Amino acid sequence: MKLLEATAKQILNEYGLRTPRGSVVSTSTQAAEVVDDIGPSMIKAQIPAGGRGKAGGVQLATDFETAGRVAGELLGSVLEGHVVETVLVEEFILIADELYVSVLIDTALGCPVVMASRHGGIDVESHPDQMESVRIDAGADITAAGLDVIVASLGHDSVSLRDAVLNTVRAFNELQATLVEINPLVLTTSGEVIAVDAKIETDDSAPPPQLASAQTSTEQLTPLEAAAADRGLRLIELGGSVAILANGAGLTMTTMDAVSHHGGEPANFLEIGGDAYTLAEPALELVLSQVGVRSLLVNFCGAFARCDVMTEGVVNALQSLQPNLPVFFSIHGTGQDEAREMVRSRLGVEPFETMHDAVVAAVQAAR
Ligand code: GDP
Ligand code: MN
C-alpha cells in the first residue's frame with residue numbers, strides 16, 4: 001500500500017523527523033485560508049505517485065488569491081493517472097541543499113538497504129553513480145560504520161542529519177515497510193534538516209498488524225503456532241506449499257510477497273532473526289510438519305548478524321532432520337561466502353545468486 005505524502009509525513013513526524021507546517025484541504029477556499037494563515041506555501045497534489053513536481057502537481061502560492069486559483073486547478077484534475085481529491089498546503093521552505101535518503105528492500109538481494117545521495121530532488125535519477133547504498137539487518141538499526149558511509153555520501157554531517165537517517169531506518173523497521181523514501185531531505189539556509197517530501201509503502205501480503213497481538217492470546221493459535229510460541233518463535237500457519245524461513249519480519253514478509261507474486265502460496269510466516277543458530281531445528285521441525293508443504297525457501301540477509309552463523313544453524317537442522325523436500329537458499333550480506341560454501345559442501349545444494357531466482361525455483365518445485 002502506498003501512503004499519501006501527508007500521511008507519510010505525519011507518521012515520520014512521530015518518529016522525530018521534521019516536516020514543514022501545513023494542512024491537507026479539499027477545497028480552494030480552505031487552501032487560500034491556510035496560506036493566509038501561514039504565508040507563502042507549496043500547494044501539493046496528494047496522489048499515490050511521485051514525479052508530481054514535473055507534472056505540475058507541486059506549485060508555489062505566495063498569497064491568498066494565488067493559493068485559491070492553484071488549488072482550484074489541481075483539485076479534481078487527473079495527475080499521473082490519479083484524481084486529485086486533496087492538496088497539502090505547506091509553508092515554503094528556503095532550501096540550501098536537496099538530499100536523498102531512503103530505506104527499501106532490495107528485491108534482487110533480498111536485503112533491506114539504506115540509500116543516500118547528495119543530489120536529491122526531482123533529478124535524483126540522473127546521478128545514479130552518486131547513490132550510496134548500505135545493507136542493514138532486517139529489523140535492526142543501521143550500524144555506526146554504515147551511518148558514517150551514508151553521511152559521507154550526503155556530503156554534510158550534523159547531529160540532526162544523523163538523527164534523520166536513524167529515524168528513517170527506525171520508522172522503516174517499526175512500520176514493517178517495504179519503502180520509506182525522503183526526497184528531498186532538505187538542509188535549510190539556517191541549517192535545519194526537514195523532510196520536504198516523503199513516501200511510505202507497505203507490503204500487501206504482510207500479515208495484518210493485529211496478528212502480532214493475536215500471538216499474545218493463546219486461544220487464537222493453532223496447535224502448531226502454540227508449540228512455536230512455547231519455543232519463543234513467532235509462527236503463523238498460512239496453509240500454502242512453500243515453507244519460508246527468513247531473518248527479520250520485514251524480509252520474511254517481502255519473501256512471502258515474492259512467493260505470492262510468482263504464483264506460489266506461502267505455507268507460513270516464521271520470523272527467526274538472530275536466533276537461527278539455536279532455534280533452526282525446532283523452527284524447521286514445526287514448519288515442515290505442516291500439511292501440504294512441498295518446498296523450503298531459506299532467505300537470509302546479514303549485515304551485523306552473520307549469514308554463516310544463521311546458515312550453520314539451518315544446515316545442522318537439515319542434516320539432523322533429513323526432510324524429504326527440496327530446499328532453496330538465497331544468502332546475502334556479511335559472511336555470505338562462508339555460508340554459501342557451507343550449503344554447497346554439506347548439503348550439496350547450490351545457493352541462488354538472487355532472491356528472485358530462489359523464489360521462482362521454490363515456487364516451481366512446490367507445484
Ligand atoms: P515530487 O515531484 O512528487 O517528488 O514532489 P516533491 O514534493 O518532492 O517536490 C518536487 C520539488 O519541488 C522538490 O524537489 C523541490 O525542489 C521543490 N519543492 C517542494 N517543496 C518546496 C519548498 O517548500 N521549497 C522549495 N524551495 N522547493 C520546494
Ligand atoms: Mn519528491
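Helices (H or I, at least four residues) and strands (E, at least two) are DSSP runs, numbered from the N terminus. The legends below use these numbers, and the structure they describe is a predicted model.

**View 1. Glu80 sits in a loop between two strands.** The strands on either side of Glu80 are strand 4 (78–79) and strand 5 (82–83). The phi angle of Glu80 is near 50 degrees, which is a positive value in a residue other than glycine. Glu80 has a relative accessibility of 45% and so counts as partly exposed.

**View 2. Gln176 also has a positive phi.** The angle is about 50 degrees, although Gln176 is not a glycine. Gln176 is placed in the loop between helix 5 and strand 10. With a relative accessible area of 29%, Gln176 is partly exposed.

**View 3. A manganese ion (ligand 2) is coordinated by Asn183 and Asp197.** Asn183 contributes an atom labelled O and Asp197 one labelled OD, at 2.2 to 2.3 Å. Asn183 belongs to strand 10 (residues 177–188), whereas Asp197 is in the loop between strand 11 (193–195) and strand 12 (199–202); the pair therefore ties together parts that are 14 residues apart in sequence. Both residues, Asn183 and Asp197, are buried.

**View 4. The peptide bond between Asn183 and Pro184 is cis.** Its omega angle is about 5 degrees. Pro184 is found in strand 10, the strand that also holds Asn183.

**View 5. Ligand 1 is surrounded by 18 residues.** Those that come nearest are Lys44, Arg52, Gly53, Ile93 and Glu98. In the side chain of Lys44, an N or O atom is 2.6 Å from an oxygen atom of ligand 1. For the side chain of Arg52, the distance from an N or O atom to an oxygen atom of ligand 1 is 2.7 Å. Asn183 takes part through its backbone: one of its polar backbone atoms is 3.2 Å from an oxygen atom of ligand 1. Taken alone, ligand 1 exposes 560 Å², and the protein buries 85% of that.

**View 6. Cys111 and Cys301 are joined by a disulfide.** The distance from S to S is 2.3 Å, and a search of the whole structure finds one disulfide. Cys111 is in strand 8 (residues 111–117) and Cys301 in strand 16 (residues 295–302), so the bonded pair ties together parts that are 190 residues apart in sequence. The torsion about the S-S bond is about 120 degrees, and the disulfide is therefore right-handed. Cys111 is buried, at a relative accessible area of 0%. Cys301 is buried as well, with a value of 0%.

**View 7. Cys307 has no sulfur partner close enough for a bond.** The closest cysteine sulfur is in Cys301, 6.4 Å from the sulfur of Cys307. A disulfide requires the two sulfur atoms to be within 2.5 Å, so this distance is too far for a bond. Cys307 counts as buried, at 0% relative accessibility.

**View 8. The largest nonpolar core has 34 residues.** The residues with the most contacts inside this core are Leu12, Val114, Ile142, Ile150, Leu154, Leu185 and Ile200. The elements that each supply at least two residues include helix 1 (5–14), strand 7 (95–106), strand 8, helix 4 (144–154) and helix 5 (159–174). Strands 10 and 11 each supply at least two residues too. Helix 5 gives the largest share of the core, six residues.

Key
Residues numbered from 1 in each chain as written. Chains lettered and ligands numbered in written order. Predicted model: local features only at pLDDT ≥ 70, side-chain atom pairs only at ≥ 80, totals over all residues. Heavy atoms only, no water. Donors = N, O, S within 2.8 Å, 3.2 Å for Na, K, Ca; no water. Buried < 20%, exposed > 50% of the residue type's maximum accessible area, 1.4 Å probe, protein only. Near = heavy atom within 4 Å. Polar contact = N/O pair within 3.5 Å; in protein donor to acceptor, adjacent residues only side chain to side chain. Areas by Shrake-Rupley, 256 points an atom, 1.4 Å probe, with all protein chains shown as cover. Core = buried A, V, L, I, M, F, W, Y, C linked by side-chain atoms within 4.5 Å.
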